[in-house]
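Q: I am new to this structure and would like a close look at a single part of it. Please choose one strand and explain carefully what surrounds it.

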Amino acid sequence: MTPDDGRQGAVDSILPAGVQAPPFTLRSTPDQSFALSDFRGRPVVLAFYPADWSPVCGDQMALYNEMREEFATYGAQLFGISVDGVWCHKAFADARRIQFPLLSDFEPKGEVSRTYGAYDRRGGTSSRALFVIDGNGVVRWSYLSPNELNPGADGIFAALDELISGDNTSRRSDREVPLSTRLPSESSGMGPDSIARARPAGGSDDEASGEASAR
(Lines give C-alpha, C1' and ligand atoms only; values in the text may rest on other atoms or scores of the structure.)
Protein backbone atom coordinates (compact mmCIF):
# COMPACT_ATOMS: atom_id res chain seq x y z
CA MET A 1 0.00 0.00 0.00
CA THR A 2 1.33 3.43 -0.88
CA PRO A 3 0.92 6.72 0.96
CA ASP A 4 -1.63 9.26 -0.20
CA ASP A 5 -0.50 12.27 -2.23
CA GLY A 6 -0.25 14.54 0.79
CA ARG A 7 2.32 12.26 2.42
CA GLN A 8 4.18 11.23 -0.73
CA GLY A 9 7.89 11.30 -0.01
CA ALA A 10 7.35 11.42 3.74
CA VAL A 11 6.52 7.73 4.30
CA ASP A 12 7.87 4.70 2.47
CA SER A 13 5.50 2.11 1.07
CA ILE A 14 4.76 -0.17 3.99
CA LEU A 15 5.53 -3.87 3.78
CA PRO A 16 2.85 -5.72 1.77
CA ALA A 17 1.20 -9.03 2.56
CA GLY A 18 3.26 -12.09 1.72
CA VAL A 19 6.68 -10.92 2.90
CA GLN A 20 8.58 -12.08 5.98
CA ALA A 21 8.15 -9.67 8.87
CA PRO A 22 11.51 -8.16 9.90
CA PRO A 23 12.65 -9.41 13.31
CA PHE A 24 13.02 -7.00 16.19
CA THR A 25 13.52 -6.71 19.90
CA LEU A 26 12.21 -3.55 21.59
CA ARG A 27 11.81 -2.38 25.15
CA SER A 28 8.38 -1.89 26.69
CA THR A 29 9.65 -0.78 30.11
CA PRO A 30 13.12 0.17 31.36
CA ASP A 31 13.76 -3.44 32.37
CA GLN A 32 11.65 -5.44 29.93
CA SER A 33 11.70 -6.14 26.22
CA PHE A 34 9.84 -8.20 23.65
CA ALA A 35 11.09 -9.97 20.52
CA LEU A 36 8.87 -10.80 17.56
CA SER A 37 10.46 -14.27 17.46
CA ASP A 38 9.05 -15.00 20.93
CA PHE A 39 5.58 -15.24 19.39
CA ARG A 40 6.18 -17.77 16.63
CA GLY A 41 3.16 -20.03 16.29
CA ARG A 42 0.57 -17.37 17.02
CA PRO A 43 -0.69 -14.21 15.31
CA VAL A 44 0.88 -10.85 16.11
CA VAL A 45 -0.73 -7.46 15.50
CA LEU A 46 1.56 -4.43 15.20
CA ALA A 47 0.00 -1.00 15.50
CA PHE A 48 2.54 1.71 14.65
CA TYR A 49 1.41 5.17 15.71
CA PRO A 50 2.90 8.69 15.78
CA ALA A 51 2.93 9.75 19.43
CA ASP A 52 1.64 8.70 22.84
CA TRP A 53 -0.12 11.90 23.81
CA SER A 54 -1.75 12.94 20.54
CA PRO A 55 -5.59 12.81 20.63
CA VAL A 56 -6.01 10.39 17.71
CA CYS A 57 -3.34 8.01 19.02
CA GLY A 58 -4.90 8.07 22.47
CA ASP A 59 -8.29 7.18 21.05
CA GLN A 60 -6.84 4.44 18.84
CA MET A 61 -4.90 2.75 21.63
CA ALA A 62 -7.87 3.09 24.00
CA LEU A 63 -10.09 1.38 21.40
CA TYR A 64 -7.69 -1.55 21.06
CA ASN A 65 -7.44 -1.75 24.83
CA GLU A 66 -11.21 -2.15 25.06
CA MET A 67 -11.02 -4.98 22.51
CA ARG A 68 -8.45 -7.07 24.40
CA GLU A 69 -10.88 -9.95 24.85
CA GLU A 70 -11.58 -10.06 21.12
CA PHE A 71 -7.86 -10.16 20.30
CA ALA A 72 -7.48 -12.91 22.90
CA THR A 73 -10.03 -15.14 21.16
CA TYR A 74 -7.67 -15.28 18.18
CA GLY A 75 -4.64 -15.95 20.37
CA ALA A 76 -3.22 -12.74 18.91
CA GLN A 77 -0.56 -10.67 20.65
CA LEU A 78 -1.06 -6.95 20.15
CA PHE A 79 1.75 -4.39 20.31
CA GLY A 80 1.65 -0.63 19.94
CA ILE A 81 4.89 0.85 18.55
CA SER A 82 6.04 4.46 18.45
CA VAL A 83 9.31 6.38 18.70
CA ASP A 84 8.47 7.53 22.24
CA GLY A 85 10.79 6.51 25.07
CA VAL A 86 9.90 3.87 27.64
CA TRP A 87 9.13 6.39 30.41
CA CYS A 88 6.80 8.27 28.11
CA HIS A 89 5.09 4.97 27.28
CA LYS A 90 4.74 4.18 30.98
CA ALA A 91 3.15 7.54 31.78
CA PHE A 92 0.81 7.26 28.79
CA ALA A 93 -0.17 3.66 29.60
CA ASP A 94 -0.81 4.55 33.23
CA ALA A 95 -2.91 7.59 32.29
CA ARG A 96 -5.00 5.74 29.69
CA ARG A 97 -4.94 2.38 31.52
CA ILE A 98 -3.50 0.61 28.50
CA GLN A 99 -3.24 -3.11 29.22
CA PHE A 100 -1.07 -4.28 26.30
CA PRO A 101 2.63 -3.62 25.58
CA LEU A 102 3.68 -0.33 24.03
CA LEU A 103 7.12 -0.76 22.45
CA SER A 104 9.71 1.98 22.26
CA ASP A 105 11.30 2.42 18.81
CA PHE A 106 13.37 5.21 20.32
CA GLU A 107 17.05 4.51 19.70
CA PRO A 108 18.17 4.11 17.00
CA LYS A 109 15.19 6.35 16.35
CA GLY A 110 12.52 4.67 14.26
CA GLU A 111 14.72 1.74 13.25
CA VAL A 112 11.93 -0.83 13.37
CA SER A 113 9.42 1.60 11.87
CA ARG A 114 11.82 2.10 8.95
CA THR A 115 12.21 -1.64 8.33
CA TYR A 116 8.42 -1.93 8.05
CA GLY A 117 8.21 1.14 5.79
CA ALA A 118 6.25 2.86 8.54
CA TYR A 119 8.47 5.83 9.39
CA ASP A 120 7.35 9.37 8.64
CA ARG A 121 10.59 11.15 7.72
CA ARG A 122 8.93 14.53 7.55
CA GLY A 123 7.46 14.32 11.04
CA GLY A 124 10.21 12.19 12.59
CA THR A 125 7.64 9.73 13.99
CA SER A 126 6.16 6.36 13.21
CA SER A 127 3.31 6.58 10.74
CA ARG A 128 -0.12 5.15 11.55
CA ALA A 129 0.34 1.66 10.09
CA LEU A 130 -1.16 -1.73 10.95
CA PHE A 131 0.24 -5.21 10.35
CA VAL A 132 -1.15 -8.68 11.00
CA ILE A 133 1.59 -11.32 11.11
CA ASP A 134 0.87 -15.06 11.10
CA GLY A 135 2.42 -17.78 13.23
CA ASN A 136 5.19 -18.30 10.67
CA GLY A 137 6.27 -14.66 10.83
CA VAL A 138 4.74 -13.69 7.48
CA VAL A 139 2.85 -10.41 7.00
CA ARG A 140 -0.70 -11.39 6.09
CA TRP A 141 -2.26 -7.90 6.00
CA SER A 142 -1.04 -4.33 6.20
CA TYR A 143 -2.67 -0.92 6.09
CA LEU A 144 -1.37 2.65 6.09
CA SER A 145 -3.82 5.16 7.52
CA PRO A 146 -3.65 8.95 7.31
CA ASN A 147 -2.11 10.18 10.56
CA GLU A 148 -5.15 12.30 11.33
CA LEU A 149 -7.57 9.35 11.16
CA ASN A 150 -8.18 6.49 13.58
CA PRO A 151 -8.19 3.33 11.40
CA GLY A 152 -10.24 1.38 13.95
CA ALA A 153 -10.04 -2.39 14.21
CA ASP A 154 -12.36 -3.79 11.52
CA GLY A 155 -9.52 -4.44 9.08
CA ILE A 156 -7.45 -6.17 11.76
CA PHE A 157 -10.26 -8.54 12.72
CA ALA A 158 -11.09 -9.29 9.08
CA ALA A 159 -7.45 -10.25 8.54
CA LEU A 160 -7.40 -12.39 11.69
CA ASP A 161 -10.61 -14.13 10.59
CA GLU A 162 -9.05 -14.95 7.23
CA LEU A 163 -5.81 -16.06 8.86
CA ILE A 164 -7.49 -18.40 11.34
CA SER A 165 -9.88 -19.90 8.80
CA GLY A 166 -7.22 -20.43 6.16
CA ASP A 167 -4.06 -21.25 8.07
CA ASN A 168 -4.13 -24.21 10.41
CA THR A 169 -0.59 -23.45 11.61
CA SER A 170 -2.02 -20.44 13.43
CA ARG A 171 -4.90 -22.38 14.99
CA ARG A 172 -3.73 -23.34 18.46
CA SER A 173 -5.45 -25.26 21.22
CA ASP A 174 -4.56 -22.43 23.60
CA ARG A 175 -6.13 -19.68 21.48
CA GLU A 176 -8.12 -18.56 24.48
CA VAL A 177 -5.61 -16.43 26.36
CA PRO A 178 -6.56 -15.90 30.01
CA LEU A 179 -6.93 -12.17 30.52
CA SER A 180 -6.06 -12.65 34.16
CA THR A 181 -2.46 -13.42 33.15
CA ARG A 182 -0.23 -10.50 34.07
CA LEU A 183 3.27 -9.64 32.97
CA PRO A 184 5.87 -9.46 35.74
CA SER A 185 6.18 -5.70 35.33
CA GLU A 186 6.25 -2.79 37.72
CA SER A 187 4.19 -0.75 35.29
CA SER A 188 0.46 -0.76 35.91
CA GLY A 189 0.11 -0.05 32.21
CA MET A 190 1.26 -3.56 31.37
CA GLY A 191 -1.13 -6.30 32.14
CA PRO A 192 -3.85 -8.78 31.36
CA ASP A 193 -3.65 -9.11 27.59
CA SER A 194 0.11 -9.38 27.55
CA ILE A 195 1.57 -12.85 27.69
CA ALA A 196 4.44 -13.44 30.05
CA ARG A 197 6.99 -13.80 27.29
CA ALA A 198 8.84 -10.69 28.32
CA ARG A 199 12.58 -10.82 28.30
CA PRO A 200 14.50 -9.14 31.11
CA ALA A 201 16.63 -6.35 29.75
CA GLY A 202 20.09 -7.60 29.00
CA GLY A 203 18.87 -11.15 29.44
CA SER A 204 20.64 -12.40 26.33
CA ASP A 205 23.61 -11.32 24.26
CA ASP A 206 21.55 -10.47 21.19
CA GLU A 207 19.32 -7.92 22.91
CA ALA A 208 20.69 -4.41 22.82
CA SER A 209 19.16 -1.50 24.67
CA GLY A 210 16.09 -0.29 22.81
CA GLU A 211 17.40 -1.59 19.51
CA ALA A 212 15.93 -3.88 16.92
CA SER A 213 17.97 -7.05 16.65
CA ALA A 214 17.85 -9.80 14.09
CA ARG A 215 17.04 -13.05 15.76
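A: What follows is a walk around strand 8, its partner strands, one aromatic pair and a helix that packs against it.

The model is a predicted one, and every value below is computed from it. Strand 8 covers residues 128–133, and 6 of its 6 residues are buried. Its side chains point two ways, with Arg128, Leu130 and Val132 directed to one side and Ala129, Phe131 and Ile133 to the other, and the residues of both sets are buried.

Strand 8 has pairings with strand 3 and with strand 9. Strand 3, made of residues 44–48, runs antiparallel to strand 8 and is joined to it by 5 bridges; within this pairing, valine 44 has isoleucine 133 as its bridge partner. Strand 9, residues 139–145, also runs antiparallel to strand 8, and here 6 bridges join the two, with arginine 128 standing opposite serine 145. Strand 8 and strand 9 form a hairpin with 5 residues between the strands, and in that hairpin glycine 137 takes a positive phi near 80°.

The link between strand 3 and strand 8 can also be followed through side chains. A search of the whole structure finds 12 aromatic pairs. One of them joins phenylalanine 48 and phenylalanine 131 in an edge-to-face arrangement, with 5.7 Å from centre to centre and 80° between the planes. Because phenylalanine 48 belongs to strand 3 and phenylalanine 131 to strand 8, this pair ties together parts that lie 83 residues apart in sequence. Both of these phenylalanines are buried, and ring pairs link them with Phe24 and Tyr116 into a cluster.

Helix 5 is a further neighbour, since its buried residues pack against strand 8, as well as against strand 3, strand 9, helix 1 (55–66) and helix 2 (68–73). The buried residues of helix 5 are Ile156, Phe157, Ala159, Leu160, Leu163 and Ile164. Seen down the helix axis, these buried residues fall within an arc of 160°, so they line one face of helix 5. In general, an α-helix has 3.6 residues a turn, so residues three or four places apart point the same way. The face of helix 5 turned away from its buried side carries the exposed residues Asp154, Glu162, Ser165 and Gly166. As for its length, helix 5 has 13 residues, 154–166, which should span 18 Å at 1.5 Å a residue, and its end C-alpha atoms are indeed 18 Å apart, in agreement with that expectation.

Definitions and conventions
Residues are numbered from 1 along each chain as its sequence is written. This is a predicted model: local features need pLDDT of at least 70, side-chain atom pairs count only at pLDDT 80 or more; totals for chains, interfaces and linings use all residues. Side-chain values use heavy atoms; hydrogens and water are left out. Buried means under 20% relative accessible area, exposed over 50%, partly exposed in between (1.4 Å probe, protein chains only). Helices (H or I, at least four residues) and strands (E, at least two) are DSSP runs, numbered from the N terminus. Two strands pair if DSSP finds at least two bridges between them. The expected span of a helix is 1.5 Å times one less than its number of residues. The arc is that of the directions from the helix axis to the C-beta atoms. Contact means heavy atoms within 4.5 Å. Rings of Phe, Tyr and Trp (its six-membered ring) pair if their centres lie within 6.5 Å; planes under 30 degrees apart count as stacked, over 60 as edge-to-face and the rest as tilted.
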